[in-house]
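Good morning, and thank you for making time for this item. I would like to take you through one structure, with attention to its helices, its aromatic contacts and its charged pairs.

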Amino acid sequence: MQEVTAQTSSAPQLQPKPEIYKSSSELKKRLWRNKWLYVMLTPGVLYFLIFKYLPMYGLIISFQDYKPYQGITGSDWVGMKHFSRLFTEPDFLNILVNTLVLFGLNILIYFPMPIILALMLNELQGTFFKRTFQTIFYLPHFLSLVIIVSISYVMVTMDGGIINELLVYFGFEPINFLLNPGWFRPMYIIQVIWREAGWGTIIYLASIAAIDPGLYEASRMDGAGRLRQVWHITLPAIRGVIITLFILKIGSVLDLGFEHVYLLLNSMNREVAEIIDTYVYTAGLRQGQFSYSTAIGFFKSIVGFVMVILVNKLSKKMGEEGVY
Amino acid sequence: MVEDKTISGRIFSAINFTILAIIALITVLPLVHVVAGSFTTSAELASSKFVLIPKVWSLEAYKFIFSTNTIFKAMGVSIGVTAIGSVISLFITSLMAYALTRRDLDGRKVVNFMVVFTMLFHGGMIPTFLVVKELGLIDTYASLILPSAISAFNMIILRNFFQNIPEGLEESAKIDGCNDFGILFRIVLPLSLPALATIGLFYAVTYWNTYMNAILYLNDSAKWPIQVLLRQIVVLASGMDHSATLDAAVPPPDQSIKMAVIVVATLPIVCVYPFLQKHFAKGAMLGSMKG
């Protein structure tokens with residue numbers, strides 16, 4: 001009796017199948033037999049520990065007045081000071097609004113695009129054109145944001161850009177797209193659509209391909225036209241995928257990505273263009289406010305994490321598959 | 001889709017085709033415009049409003065951008081980082097992915113969770129920067145590679161692919177006296193070439209497009225990869241006012257020169273794209289399924 005309890009307490013977590021885990025010597029044997037697997041695992045695990053988990057540990061500087069020369073162990077603790085600053089600083093309210101507006105544009109304007117495009121591609125008859133269009137639509141996804149932004153710059157610049165040349169040709173005033181804050185959001189969302197809408201169709205097309213052709217056959221017998229088929233068969237069939245992707249999108253509410261906005265940002269459009277990520281960069285690395293900007297980043301990570309968990313629960317409740 | 005031969009069906013198809021063709025045109029026109037613009041003179045660009053096929057061909061812009069060392073150097077950095085980075089990433093990703101397919105590996109669940117968790121929560125820009133700095137990686141080429149050496153997403157795609165290889169193959173190799181490295185390199189990897197090609201090309205594209213790491217970790221402009229230089233030449237010279245200044249060797253460039261730089265920075269992607277396209281749809285689907 002005593003021996004049994006001793007055994008269970010020695011390795012309580014490692015006992016899903018007691019008949020395999022008979023004794024610690026057998027565990028040792030198995031560990032030794034798999035030694036090369038652990039060697040294989042080492043670089044990967046080290047990577048995640050150093051570049052993903054050490055930064056998580058580094059989040060504690062948001063509760064300190066971090067000084068680079070004193071390090072985490074030597075800096076003074078200040079409690080929630082930086083977090084309470086967040087909610088009193090007018091700057092922060094502004095970047096939060098900007099972030100949410102861009103996110104809203106993403107949901108309202110970008111999100112439906114791949115769905116529409118996938119439905120249209122699916123209705124295309126003849127594989128040659130389908131392939132050709134897909135090849136063209138996927139390509140921009142692989143171009144870097146720097147290239148995307150650069151291409152738009154040479155097209156819209158006041159200094160001989162094709163868009164302004166055309167505006168003048170048709171008798172309009174040229175527009176300074178780059179420095180006019182009113183044009184920042186439209187430019188951003190157009191670039192997002194141009195780069196990602198085609199790539200986004202892949203997953204919808206794959207789930208459309210899984211639809212039973214008999215359904216279309218039957219609806220044709222009932223006299224349904226093509227539009228009706230799209231509406232009553234294709235769309236309902238991909239509803240689950242749409243909801244799942246929508247949830248994923250909602251989960252990344254504050255996470256628009258640093259690069260794109262940073263590339264479009266300048267002193268003239270800062271009031272509408274500065275988002276959380278770019279602000280963290282400016283306040284943290286340009287102005288050296290390490291602790292404060294870490295607190296902002298922390299806030300963002302927590303909101304993102306909570307959102308993903310919440311919407312995943314919600315989706316399961318609605319009877320859809322969860323995201324993970 | 002079955003051929004639809006009714007009249008309304010044909011009208012529907014025609015409209016659908018036309019709209020898609022217009023969208024495809026809108027997608028490629030900016031690219032064609034830039035390529036064409038790079039092969040003509042700036043004077044020609046200024047006089048003819050819309051250049052799809054240049055009337056006057058000229059290599060002036062390319063001669064200009066390759067007349068200084070700046071572009072060559074940045075291309076060299078990008079090529080080096082892409083080649084070395086892709087090999088390292090693919091290698092350690094495969095090792096990790098394979099080890100995690102083995103069911104008898106103790107601690108496998110912990111490591112799997114550890115990887116997935118990083119997709120949901122992360123330390124953010126500043127703490128990551130501090131880690132990179134503490135490791136002494138600032139202003140090294142390694143800072144363009146190591147901080148993003150493994151993508152959790154790619155690792156999971158590869159792990160799922162390896163999982164589909166029949167276990168019997170591995171077991172017979174073990175009976176023949178292969179150790180785990182032998183099994184991985186002689187059996188699993190040769191059977192996974194399409195997956196390795198996809199993931200390898202995903203990594204290569206990421207390294208070629210690397211921008212954020214360079215902005216964060218490189219202060220020394222001599223070490224800039226092509227993407228950062230591209231931004232300096234095109235974006236900053238378009239009347240922008242960021243803190244960094246343009247290299248003194250490059251005067252404010254005109255349109256055709258900017259376009260030539262864009263083409264040079266894009267070319268490698270367009271070259272690998274046909275190879276990439278063969279596989280990625282499958283790869284992306286695999287990744288979207290649950291692990």
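I shall begin with the helices and then turn to the side-chain contacts. Please keep in mind throughout that this is a predicted model.

Let us start with chain B. Its secondary structure consists of 14 helices and zero strands. Of its 291 residues, 53% count as buried. A residue that illustrates the buried part is B:I262, which is found in helix α14, residues 255-288. B:I262 has a relative accessible area of 1% and is therefore buried, the limit being under 20%. Its C-alpha atom is separated by 8.5 Å from that of B:V35, although the two positions lie 227 residues apart along the chain.

The opposite case is also present in chain B. B:I7, which lies in helix α1, residues 7-38, has 68% relative accessibility and so counts as exposed. Together with B:I11, B:I15 and B:I19, B:I7 makes a nonpolar surface patch of about 400 Å². As background to that numbering, an α-helix has 3.6 residues a turn, so residues three or four places apart point the same way.

In chain A, I would single out helix α6, residues 90-110. At 1.5 Å a residue, its 21 residues should span 30 Å, and the end C-alpha atoms are 29 Å apart, which agrees. The buried residues in α6(A) include A:F92, A:L96, A:T99, A:F103 and A:Y110.

I now come to the aromatic residues. Over all chains, the structure holds 38 aromatic pairs. One of them joins A:F83 and A:F298 edge-to-face, at 6.0 Å centre to centre and 65° between the planes. This pair links distant parts of the chain, since A:F83 belongs to helix α5 (residues 81-88) and A:F298 to helix α18 (residues 290-317), 215 residues apart. Both rings are in buried residues: A:F83 has a relative accessible area of 10%, and A:F298 stands at 14%. A second edge-to-face pair is made by A:F177 and A:W183, with 4.7 Å between centres and 70° between planes. Here A:F177 is buried at 8%, whereas A:W183 is partly exposed at 31%.

Which residues form one aromatic cluster with A:F83 and A:F298? They are A:F63, A:F305, B:F113, B:F117 and B:F121, so that the cluster draws on chains A and B.

Rings also meet charges. A:K35 lies over the face of A:W32, 4.5 Å from the ring centre. The charged end of A:R85 sits over the ring of A:Y292, 3.5 Å from its centre. A:R85 also forms a salt bridge with A:E89, at 3.0 Å from N to O, and is partly exposed at 27%.

That brings me to the salt bridges, which number 12 over all chains. A:K300 and A:D277 meet at 2.6 Å, N to O. Because A:K300 lies in helix α18 and A:D277 in helix α17 (residues 276-286), this pair ties together parts 23 residues apart in sequence. Are these two partners buried or exposed? A:K300 counts as buried at 9%, and A:D277 counts as buried at 10%.

Finally, B:D104 and B:R102 form a salt bridge of 3.8 Å, N to O. B:D104 is partly exposed at 26%, while B:R102 is buried at 8%. These two residues are linked with A:R33 and B:D180 in a network of salt bridges.

Terms used: Residues are numbered from 1 along each chain as its sequence is written. Chains are lettered from A and ligands numbered from 1 in the order in which they are written. This is a predicted model: local features need pLDDT of at least 70, side-chain atom pairs count only at pLDDT 80 or more; totals for chains, interfaces and linings use all residues. Side-chain values use heavy atoms; hydrogens and water are left out. Helices (H or I, at least four residues) and strands (E, at least two) are DSSP runs, numbered from the N terminus. The expected span of a helix is 1.5 Å times one less than its number of residues. Buried means under 20% relative accessible area, exposed over 50%, partly exposed in between (1.4 Å probe, protein chains only). Patches are made of residues with over 30% relative accessible area and no salt bridge: like charges are joined within 9 Å, nonpolar side chains (Val, Leu, Ile, Met, Phe, Trp, Tyr) within 5 Å. Accessible areas come from the Shrake-Rupley method with a 1.4 Å probe; for residues, only the protein chains shown count as cover. A salt bridge is a side-chain nitrogen of Lys or Arg within 4 Å of a carboxyl oxygen of Asp or Glu. Rings of Phe, Tyr and Trp (its six-membered ring) pair if their centres lie within 6.5 Å; planes under 30 degrees apart count as stacked, over 60 as edge-to-face and the rest as tilted. A charge sits over a ring if NZ of Lys or CZ of Arg is within 6 Å of the ring centre and within 35 degrees of the ring normal.
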